[in-house]
Amino acid sequence: NWKGGKSLQYRNVIVNGIKKTAHRRVMERVIGRELKQLEVVHHWDENKFNNEPENLCLFRSQSAHQKLHAYAKRNDISISALKFPQPWLIPNATHV
């Protein structure tokens with residue numbers, strides 16, 4: 001699959017007979033709910049096969065996700081250097 005010149009090859013899993021990308025399924029298990037259709041799961045190390053929870057970040061939209069990439073590019077910063085705390089990875093944290 002090609003979109004915008006980038007390969008969109010991700011690992012897939014079958015959940016209740018439905019095919020999902022593995023990183024989205026991992027995030028669903030971390031936050032304890034299904035992802036909304038517009039939510040985007042970002043890989044901090046930009047390795048789409050590294051689906052460890054610590055490597056994933058949830059954005060509310062593609063627009064929010066793109067802002068991270070634009071900021072990094074504009075400031076010549078590695079995406080991984082912008083990694084920020086993710087409260088859903090902290091046990092017993094209050095989810096907003």
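**Note on the aromatic cluster, the cores and the buried histidines**

1. Phenylalanine 59 counts as buried, because its relative accessibility is 9% and the cut-off for buried is under 20%. The model is a predicted one, and this note takes Phe59 as its starting point before moving to the fold, the cores and the histidines.

2. Overall layout. The protein contains two helices and six strands. Read from the N terminus, the order of elements is β-β-β-β-α-β-β-α. Of the 96 residues, 28% are buried. Taking contacts between residues at least 6 apart in sequence, 36% join residues at least 24 apart.

3. Aromatic pairs. How many aromatic pairs does a search of the whole structure find? There are two. One is formed by tryptophan 44 and phenylalanine 84, which sit edge-to-face with 5.2 Å from centre to centre and 90 degrees between the planes. Distant parts of the chain are linked by this pair: tryptophan 44 belongs to the loop between β5 and β6, phenylalanine 84 to the segment after α2, and 40 residues separate them. Tryptophan 44 is classed as buried because its relative accessibility is 2%, whereas phenylalanine 84, at 34%, is classed as partly exposed.

4. The other pair brings back phenylalanine 59. Why is the pair of phenylalanine 59 and phenylalanine 84 classed as edge-to-face? The planes of the two rings are at 90 degrees, with the centres 6.4 Å apart, so the pair falls in that class; the class requires an angle over 60 degrees. Since phenylalanine 59 is in strand β6 and phenylalanine 84 in the segment after α2, the pair ties together parts 25 residues apart in sequence. Trp44, Phe59 and Phe84 make up one aromatic cluster.

5. Nonpolar cores. The largest nonpolar core consists of eight residues: Val40, Trp44, Cys57, Phe59, Leu68, Ala72, Ile79 and Leu82. At least two residues of this core come from β6, and at least two from α2. Another core lies apart from it and has six residues, including Met27, Leu35, Leu56 and Leu58. Two members of the aromatic cluster, Trp44 and Phe59, are thus listed in the eight-residue core. Phe84 is partly exposed, and a core is built from buried residues.

6. Helix α2. This helix covers residues 62-74, 13 residues in total, and spans 18 Å between its first and last C-alpha, close to the 18 Å expected at 1.5 Å a residue. Its buried residues are His65, Leu68 and Ala72. Viewed down the axis of α2, the buried residues fall within an arc of 55 degrees, so they line one face of the helix. The general background is that an α-helix has 3.6 residues a turn, so residues three or four places apart point the same way. Lys67, Lys73 and Arg74 are exposed on the other side of α2. What do the buried residues of α2 pack against? They pack against β5 (40-43) and β6 (56-59). Just after the helix, aspartate 76 has a positive phi of about 50 degrees.

7. Histidine 65. This residue of helix α2 is buried because its relative accessibility is 10%. Neighbours within four places in sequence aside, histidine 65 contacts Val40, His42 and Phe59. Histidine 65 and valine 40 are 25 residues apart in sequence, while their C-alpha atoms are 7.0 Å apart in space.

8. Histidines 23 and 43. Histidine 23 is part of helix α1 (residues 22-31), and histidine 43 is part of strand β5. Is histidine 23 buried or exposed? Histidine 23 is buried, given a relative accessible area of 6%. Histidine 43, at 5% relative accessibility, is also counted as buried. With neighbours within four places in sequence left aside, histidine 23 touches Tyr10, Val41, His43, Asn51 and Leu56. On that same basis, the contacts of histidine 43 are Tyr10, His23, Lys48, Asn50, Asn51, Asn55 and Leu56. Tyr10, Asn51 and Leu56 appear in both contact lists.

9. Tyrosine 10. Besides its contacts with histidine 23 and histidine 43, tyrosine 10 has lysine 48 over the face of its ring, 5.9 Å from the ring centre. Lys48 is also one of the contacts of histidine 43.

Notes. Residues are numbered from 1 along each chain as its sequence is written. This is a predicted model: local features need pLDDT of at least 70, side-chain atom pairs count only at pLDDT 80 or more; totals for chains, interfaces and linings use all residues. Side-chain values use heavy atoms; hydrogens and water are left out. Helices (H or I, at least four residues) and strands (E, at least two) are DSSP runs, numbered from the N terminus. The expected span of a helix is 1.5 Å times one less than its number of residues. Buried means under 20% relative accessible area, exposed over 50%, partly exposed in between (1.4 Å probe, protein chains only). The arc is that of the directions from the helix axis to the C-beta atoms. Contact means heavy atoms within 4.5 Å. Rings of Phe, Tyr and Trp (its six-membered ring) pair if their centres lie within 6.5 Å; planes under 30 degrees apart count as stacked, over 60 as edge-to-face and the rest as tilted. A charge sits over a ring if NZ of Lys or CZ of Arg is within 6 Å of the ring centre and within 35 degrees of the ring normal. A nonpolar core is a set of buried Ala, Val, Leu, Ile, Met, Phe, Trp, Tyr and Cys residues joined through side-chain atoms within 4.5 Å.
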